[in-house]
Amino acid sequence: MSFSPPFASAIPPAWPSGAYVAGGLFLGCIADDFTGATDLANNLVRAGMRVVQTIGVPSEPPDADVDAVVVALKSRTIEPRLAVEQSLGALQWLRSVGARQIYFKICSTFDSTPRGNIGPVTDALMDALGCDFAVTTPAFPDNGRTVFRGHLFVGEQLLSDSGMRNHPLTPMTDSNLVRVMQAQSRHQVGLIDYRCVAQGSQAIRERMVQLRADGVGIAVVDALSNDDLLRLGPALSDAPLITAGSGVAIALPANFGIAPSLGAATLPAPSGAAAVISGSCSLATLAQVAHFRLHGGWVLAIDPLQLAADGEPFIARAIDEAAARLSSVPVLITSSANAQVVRDAQAQLGIETAGTLVEAALSRIAVALVERGVGRLVVAGGETSGACVQALGIRQLRIGAQIDPGVPWCHATQVMGRREGLHLCLKSGNFGAEDFFTRALTALDSGVLP
Ligand code: ADP
């Protein structure tokens, strides 16, 4: 198929090719938050790419020979100026390792305000890449995010009718993404609608050429199904920049001749004892902790009031008790508690102090258990995961197979002097089925993951 080119240039010729990565890096991704980065990495792995996720912008090359790197930033709601600065830092690093295409990963509910940060970051990346046309779509049909006539739906509801209208930081009160993006970007924003997308890649290319000729710089793309995304994918084969949720990732590896394969998700063989650290108080996690206990796991509960009263000795005892069992049974250390218990603790200590005490204790315990031989670690809770990853000094994670939707096993090399590295699973609070903890550990051991 021959296409007329909607893009001014592909990646500029000055782009260094694979300075560090053998064979070059196909996709260089910049994610505006940590769990969003994992979500994208997970989709890329399922589509056949070997992926490393980095925590922040690394100073070293990727740990492994991979097809894509996802740089996880925490830039969704920070000052637009800082988000631009950090994203350009990530771009510079991705250029240095030879990325051929840049993917700015945004939230599938287009979380942003008229100040940004989706528009300002997209504009800045376009400038840095020397391109005057880019597409954007948060569509992720597998997760109920669809775009129709430029309007974003969350399940059955328009974005502006969904819970996102009350988000404390980025209330989304307008579902019309052309308007939302126009308020944030210097570029004129246009639409590639569902009728065009339904006609296939050639029609999408032609529409992009026409929009660009009309002075449009950014086009929102409708997508109602995975088939729509798979039609969009080939039309983006030479796009320097794509600003999207994680949905369109399913359609990009094929542009580089990559097909889904089990090999993409292969991690080193697991070793060492198993432990779960849980700081999430979500209903899903509470049910998972109960299931783990019921099925023979050893559970140690900690709570912020005890930590406040008896800090260091209490943590030391918890570490000793858990370590003594490591050789015989998987252990789970948890602060997870129901809403009333959490409210009581927060009322006595303050919300922030209660959270900080728990995060500090759980991350200290995670470090101590890895020092005592844990090689397979599951962490439940987004903030809790962030605290543990930071305390363990982890900068890069190779992404493995998915355990439940959106939650893969990962592997970090060089953790706390462990030659074998550490297998790590970072679960957002509400993710995962009731048997998640037990199944995650047995699946890793048996090597049987979906
Ligand atoms: P989730 O992904 O479910 O939101 P997080 O780890 O992101 O989980 O957030 C849970 C927060 O609640 C963390 O800051 C944690 O320290 C705090 N927390 C956990 N257990 C308790 C508890 N028993 N009392 C008060 N705060 C708690």
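This passage walks through a predicted model, from its domains to its salt bridges, cysteines, backbone and last helix.

A good place to begin is the overall layout. The domain assignment of the protein divides it into domain 1, residues 27-261, and domain 2, residues 266-446. The C-alpha centres of domain 1 and domain 2 are separated by 31 Å. Where the two meet, 21 residues of domain 1 are in contact with 15 residues of domain 2. Together the domains bury about 1600 Å² between them, and 50% of this area is on carbon and sulfur atoms. On the side of domain 1, the residues that lose the most area to domain 2 are Asn-42, Ile-55 and Asp-63, which together account for 33% of what that side buries. How many salt bridges cross the interface of domain 1 and domain 2? The count there is 0.

Elsewhere, charged pairs do occur. Side chains of opposite charge can pair when their charged atoms come close. The structure as a whole has 17 salt bridges. One of them links Arg-50 to Asp-67, with the closest N and O atoms 2.9 Å apart. Arg-50 sits in the loop between helix H1 (34-46) and strand S2 (51-55), while Asp-67 sits in the loop between S2 and strand S3 (68-72), so this pair ties together parts that are 17 residues apart in sequence. The two partners differ in their surroundings: Arg-50 is partly exposed at 28% relative accessibility, whereas Asp-67 is buried at 7%.

A second salt bridge joins Arg-76 and Asp-111, whose closest N and O atoms are 3.9 Å apart. Here too the partners come from loops: Arg-76 from the one between S3 and helix H2 (80-96), and Asp-111 from the one between S4 and H3, so parts that are 35 residues apart in sequence are tied together. Both Arg-76 and Asp-111 are buried.

In a third example, the partners are Glu-312 and Arg-364, and the closest N and O atoms are 3.0 Å apart. Because Glu-312 lies in helix H9 (residues 304-325) and Arg-364 in helix H11 (residues 351-371), this pair ties together parts that are 52 residues apart in sequence. Arg-364 is partly exposed, at 37% relative accessibility. Some salt bridges also share partners, and in this way Asp-32, Asp-33, Arg-76 and Asp-111 are joined into one network.

Asp-111 appears again in the surroundings of Thr-170. Thr-170 is found in the loop between strand S8 (157-158) and helix H4 (177-182), and it is buried, with a relative accessible area of 2%. Leaving aside residues up to four places away in sequence, Thr-170 touches Thr-77, Asp-111, Ser-112, Thr-113 and Met-164. Thr-113 also features in another long-range pairing: Ala-183 and Thr-113 are 70 residues apart in sequence, yet their C-alpha atoms are 8.7 Å apart in space. Ala-183 belongs to the loop between H4 and strand S9 (188-192) and is partly exposed, with a relative accessible area of 48%.

The cysteines come next. Why does the structure hold 0 disulfides? A disulfide would need two cysteine sulfur atoms within 2.5 Å. The sulfur of Cys-29 is too far from any other for a bond, because the closest cysteine sulfur, in Cys-410, is 15 Å away. For Cys-425 the closest cysteine sulfur is also in Cys-410, at 7.1 Å, which is again too far for a bond. Cys-29 is buried at 0% relative accessibility, and Cys-425 is buried with a relative accessible area of 0%.

A few backbone details deserve a look. Most residues other than glycine have a negative phi, and most peptide bonds are trans. The peptide bond from Gly-116 to Asn-117, however, is cis, with omega near 15 degrees. Asn-117 lies in the loop between strand S4 (99-105) and helix H3 (118-129). Gln-414 is not a glycine but has a positive phi of about 50 degrees. Met-416 likewise has a positive phi, near 50 degrees. Gln-414 is located in the loop between strand S17 (407-412) and strand S18 (422-427), and Met-416 lies in the loop between S17 and S18. Gln-414 is exposed, with a relative accessible area of 66%, while Met-416 is partly exposed at 32%.

Finally, helix H13 spans residues 436-446, and its buried residues are Phe-436, Phe-437, Ala-440, Leu-441, Ala-443 and Leu-444. These residues cover an arc of only 165 degrees around the axis, which means that they lie on the same side of H13. An α-helix has 3.6 residues a turn, so residues three or four places apart point the same way.

Key: Residues numbered from 1 in each chain as written. Predicted model: local features only at pLDDT ≥ 70, side-chain atom pairs only at ≥ 80, totals over all residues. Heavy atoms only, no water. Buried < 20%, exposed > 50% of the residue type's maximum accessible area, 1.4 Å probe, protein only. Helix = DSSP H or I, 4+ residues; strand = E, 2+ residues; numbered from the N terminus. Arc of directions from axis to C-beta. Domains from an automatic or database assignment. Contact = heavy atoms within 4.5 Å. Buried area = accessible area lost by both parts, 1.4 Å probe. Salt bridge = Lys/Arg side-chain N within 4 Å of Asp/Glu carboxyl O.
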